[in-house]
Amino acid sequence: MNIYLDLFWTFFKIGLFTFGGGLAMLPMLEKEVVTNKHWATYDELVDYYAIGQCTPGIIAVNTATFVGYSQKKITGAIVATTGIVAPSLVIILLIASLLTSFADQPIVQHALAGIRIAVCVLIGQAVIRLYRKGVKDIFGIILFVIVLALTYFNLIPVSVAVIGAAAAGIVYCLIVLKKTGKDPAAKSAGEGLPARKKEVASASGNESDKGGQ
């Protein structure tokens, strides 16, 4: 399949079959982008998510833009972004024209209640996976608890929490790097590579080993 058509169709499906916003889309994004297409690793997807959370716009759209750009630069970004927003535009137009007439129907209310429950499950799953991948040491746990408390009780704006957490992460890494000479945020050599590239690198390494023997 043509890469542009593949990008469009993949993100079109994600936009069509996911409800509940960016976090609820994470499980499907992981399945399509990481597992099926190997366009990114899970860590890279979470990085796109984090950047998308910090930049203007809808997080799912921003993530699609980053993934598309990683594959085919600006053209890929436009195609992926168009794919993920197209279903929403159509569905919103249909809902705007029809929902007001059927919103009070019991079957519609029950359907929406079921969707809300499913969305809660998807968001909960995404939060658990993000926590396991993002919080890896004592510093991460402490920072997580502080930011959670400050944002839960609305003591600081979310934007300030994100900027403050980024600054704290930079300072922590610089201190550890200065004391130990090791960067706590450094990834292993192959960790940031998509699965296909890992396989190629592994195969090349095996061939080199055989040649050396």
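This is a walk through a predicted model, one selection at a time.

**Whole chain**

Start with everything shown as a cartoon. You'll find 8 helices and 0 strands, so to speak an α-α-α-α-α-α-α-α pattern when you read along the sequence. Now colour the 213 residues by burial: buried ones make up 25% of the chain. If you like contact maps, take the contacts between residues at least 6 apart in sequence; 56% of them join residues at least 24 apart.

**Stop 1: helix α1**

Select residues 3-17, which form helix α1. Put a distance between the C-alpha atoms at its ends and you should read 21 Å, in agreement with the 21 Å that 15 residues should span at 1.5 Å a residue. Next, show side chains for Asp6, Leu7, Thr10, Phe11, Ile14 and Gly15, the buried residues here. How do they sit when seen down the axis of α1? They fall within an arc of 155 degrees, so the buried residues line one face of the helix. Spin the view to the face turned away from that buried side, and you'll meet Leu5 and Phe17, both exposed.

**Stop 2: helix α3 and its meeting with α5**

Move on to residues 42-54, helix α3. From first C-alpha to last, its 13 residues reach 19 Å, close to the 18 Å expected at 1.5 Å a residue. Plenty to click on here: Tyr42, Asp43, Glu44, Leu45, Val46, Tyr48, Tyr49 and Gly52 in α3 are buried.

Keep α3 on screen and add helix α5, residues 106-134. Two packed helices are described by the angle between their axes and the distance between the axes. For this pair, the angle is about 105 degrees and the axes are 11 Å apart. Angles of 65 to 115 degrees count as roughly perpendicular, and α3 and α5 are therefore roughly perpendicular to each other.

Which residues meet where α3 and α5 come together? On the α3 side, pick Tyr42, Asp43 and Val46; on the α5 side, pick Arg129, Leu130 and Lys133. Colour that contact by residue type and you get 3 nonpolar, no polar and 3 charged.

**Stop 3: helix α4, two residues**

Helix α4 covers residues 59-102. Select Asn62 in this helix. Is Asn62 buried or exposed? Its relative accessible area is 11%, so Asn62 is buried. Leave aside the neighbours within four places in sequence, and Asn62 is in contact with Gly52, Thr55, Pro56 and Gly57. You may remember Gly52 from the list of buried residues in α3.

Now slide along to Lys73, also found in α4. Lys73 counts as exposed, at 53% relative accessibility. Check its backbone too. Most residues other than glycine have a negative phi. Lys73, though, has a phi near 55 degrees, a positive value in a residue that isn't glycine.

**Stop 4: helix α6 and the loop after it**

Last, go to α6, residues 138-152. This helix has 15 residues and reaches 21 Å from first C-alpha to last, close to the 21 Å expected at 1.5 Å a residue.

Step just past the end of α6 and click Asn154. Where does Asn154 lie? It lies in the loop between α6 and α7, the latter being residues 158-180. Asn154 has a positive phi of about 55 degrees although it is not a glycine. With a relative accessible area of 66%, Asn154 is exposed.

Key
Residues are numbered from 1 along each chain as its sequence is written. This is a predicted model: local features need pLDDT of at least 70, side-chain atom pairs count only at pLDDT 80 or more; totals for chains, interfaces and linings use all residues. Side-chain values use heavy atoms; hydrogens and water are left out. Axes are lines fitted to C-alpha atoms, for helices over the stretch in contact, and angles run from 0 to 180 degrees between N-to-C directions. Helices (H or I, at least four residues) and strands (E, at least two) are DSSP runs, numbered from the N terminus. Angles under 35 degrees count as roughly parallel, over 145 as roughly antiparallel, 65 to 115 as roughly perpendicular and the rest as oblique. Contact means heavy atoms within 4.5 Å. Ala, Val, Leu, Ile, Met, Phe, Trp, Tyr, Cys and Pro count as nonpolar, Asp, Glu, Lys and Arg as charged, and the others, Gly among them, as polar. The expected span of a helix is 1.5 Å times one less than its number of residues. Buried means under 20% relative accessible area, exposed over 50%, partly exposed in between (1.4 Å probe, protein chains only). The arc is that of the directions from the helix axis to the C-beta atoms.
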